[in-house]
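You asked for a quick read-through of this model before our next chat. Here are my notes, point by point, for you to follow with the structure open.

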Amino acid sequence: MSVKSRGEYASKHVVPKNLALLLCFASFFAGMFFTNRMLMMPDAKVIPRTSRTDERPVDCDLKIRVLKKEANSSRGISGSQQSIQTVDKAISDLEIKLTAARAGRETVLNDPKISKDLKNVESTPKRKYLMVIGINTAFSSRKRRDSVRATWMPQAEMRKKLEEEKGIIIRFVIGHSSTLGGILDKAIEAEERVHGDFLRLQHTEGYLELSGKTKTYFATVVSLWDAEFYVKVDDDVHVNLATLGLTLAEHRKKPRVYIGCMKSGPVLARKGVKYHEPEYWKFGDVGNKYFRHATGQLYAISKDLATYISINQNVLHKYANEDVSLGSWFIGLDVEHVNDRRLCCGTPPDCERKAQAGNICVASFDWQCSGICMSVKRIMGVHKQCGEDTNALWTTNFSQTTRNSDSVKVHTRDHALTFIAVTKHEDRTTRLKTLNSLNGGELYYKFPAIVMRSITRVVIFVGSILLLPTQ
């Protein structure tokens with residue numbers, strides 16, 4: 001009787017099997033639903049941060065505010081202060097470029113002797129060039145110019161192809177005579193109509209005015225062409241263009257670069273000697289040497305430095321020697337001096353021996369003549385013995401250096417921006433793990449899943465107990 005009573009009592013309180021099974025499934029799916037919802041919650045923070053990179057800021061102030069807000073919101077990420085400094089530097093660079101554009105515009109439009117095609121430079125859209133090469137020349141150097149045209153400087157359609165396909169611009173650089181519109185100027189204008197390879201400067205020609213010509217040259221070319229490098233070379237120097245392009249491309253990721261054969265010659269105080277320095281007393285006692293600077297036969301500077309010269313051209317001091325003047329303008333600046341001896345090889349047999357060894361020179365000249373001695377007669381021989389392959393210029397991919405560098409060097413402005421860039425192609429779970437590891441641990445990611453899995457297991461366990469058959 002007692003057994004029967006216990007059985008009847010138990011049967012009245014047992015949950016039906018179908019209902020218990022339904023309860024287990026409902027609990028399981030409820031746990032999965034809330035677990036996913038908990039995991040998706042951080043996406044509200046991730047998605048807007050990713051989308052910001054695709055939006056173009058309205059102005060520079062807005063860009064600063066957005067990036068500063070991101071940096072402050074991720075205090076756990078190291079380097080947030082560095083990101084703000086990077087933005088401040090970017091804004092400063094924009095201001096410098098704006099000032100340079102205004103200065104360049106005045107340089108071009110205020111020049112009464114500049115050609116019409118240069119005055120209309122604003123009407124033609126600018127493209128990005130690798131380098132602009134200015135060949136320093138004089139009124140009396142017609143034969144030198146012709147010898148350069150016959151050797152390493154492409155002519156006519158090939159020169160235009162060089163500009164369009166390789167981003168290399170080459171011009172003979174010359175100012176005007178002391179008598180405006182005189183016979184010397186007319187001779188250059190006639191030569192320009194034949195070859196179309198001159199850049200006329202607002203400058204009065206003269207050997208003692210080379211420092212001023214150099215300053216005017218950089219101020220002018222940076223306003224006319226948007227290039228990564230600006231090169232100055234003398235008209236009695238042999239140049240291998242492909243090798244020069246590859247050499248400069250190695251430094252295109254550096255912001256302020258000064259490339260050449262660095263030297264430190266004596267300061268000549270005695271009057272009447274070549275390269276006499278009237279302001280020798282500024283360099284200390286008699287017998288002292290100059291600071292390190294690139295020799296004047298060929299050197300290159302990056303766009304930032306050319307822009308600096310353009311902005312400050314009215315206050316930059318000119319010494320007697322133009323290469324010394326250029327070096328003095330960069331003293332006190334954060335400039336990387338690159339001493340590359342390939343830019344100052346000797347004429348054969350020096351450059352020929354190096355070419356046979358596979359180390360082709362960028363430039364060749366004779367030190368004792370500050371150029372190729374008797375260059376009009378000898379430059380063709382130098383070109384044949386030390387010149388690069390005829391097709392080297394057209395088969396060389398100067399942009400390859402940039403792509404390889406980009407694949408190796410990743411410039412991380414800050415952790416937040418790196419996170420956005422890296423997680424574009426990652427799934428949601430990986431993004432959450434990355435975000436939480438940056439914010440100081442995995443607990444935020446794991447806690448909701450642990451709680452919901454525990455609740456689900458408890459519900460299933462209780463349902464299983466209720467389904468057990470009674471004795």
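## Notes on the model

1. First, a reminder that this is a predicted model. I start with the largest cavity, where β1 (128-136) and α10 (210-224) each supply at least two residues of the lining. The biggest share comes from α10, with four residues. Its volume is about 90 Å³.

2. If you want to display that lining, pick G134, I135, N136, V173, L210, K213, T214, Y217, K232 and E322. By class, the set breaks down into four nonpolar, three polar and three charged residues. So much for the main void; how many cavities of 30 Å³ or more are there? The count is two.

3. The second largest cavity holds about 30 Å³ of space. Around it you'll find V267, A269, Y280, G284, D285, V286, G287 and N288. Four of these lining residues are nonpolar, three are polar and one is charged.

4. Now the sheet. It is open, has seven strands with mixed pairing, and runs in the order β3-β2-β1-β4-β7-β6-β8. The edge positions go to β3 (198-204) and β8 (336-339); each has a single partner strand, so one side of each has no neighbour in the sheet. On average, neighbouring strands are turned by 25 degrees against each other, ignoring direction.

5. Which sense does the pairing of β1 with β4 (residues 226-234) take, parallel or antiparallel? These two strands pair in the parallel sense, over eight bridges. To find the register on screen, look for K128, which stands opposite D226 in β4.

6. Two helices on the sheet deserve a look. Helix α10 lies across β1, β2 (168-176), β3, β4 and β7 (293-302), and it runs at about 130 degrees to β3. Helix α12 (residues 303-311) also packs on the sheet, where it touches β1, β4, β6 (257-263) and β7. The direction of α12 makes about 100 degrees with that of β7.

7. There is a helix pair to check as well. Helix α7 (residues 142-149) packs with helix α15 (residues 375-386) at an angle of about 10 degrees, and their axes are 9 Å apart. Angles under 35 degrees count as roughly parallel, so α7 is roughly parallel to α15. On the α7 side the contact uses K143, R144, S147 and V148, while α15 brings S375, V376 and I379. By class, that contact has three nonpolar, two polar and two charged residues.

8. On to the open spaces. The largest pocket has a volume of about 940 Å³ and a lining of 38 residues. Which of them lie nearest its centre? Those are Y207, L210, K274, Y275 and S370. You have met L210 already, as it is also in the lining of the largest cavity.

9. As for which elements build that pocket, α10, β4, β7 and α13 (322-329) each supply at least two residues of its lining. The most comes from β7, with four residues. The lining of the largest pocket splits into 14 nonpolar, 12 polar and 12 charged residues.

10. Finally, two backbone spots I'd have a look at. A cis peptide bond joins P348 and P349, with omega at about 15 degrees. P349 sits in the loop between β8 and α14 (350-356). The other spot is A156, which has a positive phi of about 50 degrees although it is not a glycine. Where is A156 in the fold? A156 lies in helix α8 (residues 156-166).

How values were computed. Residues are numbered from 1 along each chain as its sequence is written. This is a predicted model: local features need pLDDT of at least 70, side-chain atom pairs count only at pLDDT 80 or more; totals for chains, interfaces and linings use all residues. Side-chain values use heavy atoms; hydrogens and water are left out. On a 1 Å grid over the protein atoms alone, a cavity is a set of points where a 1.4 Å probe fits but cannot get out, and a pocket is an open set with protein on both sides within 12 Å along at least five of seven lines; lining residues have an atom within 4 Å of a point. Grid points are joined across faces, edges and corners, and a volume is the space filled by probe spheres set on the points. Ala, Val, Leu, Ile, Met, Phe, Trp, Tyr, Cys and Pro count as nonpolar, Asp, Glu, Lys and Arg as charged, and the others, Gly among them, as polar. Two strands pair if DSSP finds at least two bridges between them. Axes are lines fitted to C-alpha atoms, for helices over the stretch in contact, and angles run from 0 to 180 degrees between N-to-C directions. Contact means heavy atoms within 4.5 Å. Angles under 35 degrees count as roughly parallel, over 145 as roughly antiparallel, 65 to 115 as roughly perpendicular and the rest as oblique.
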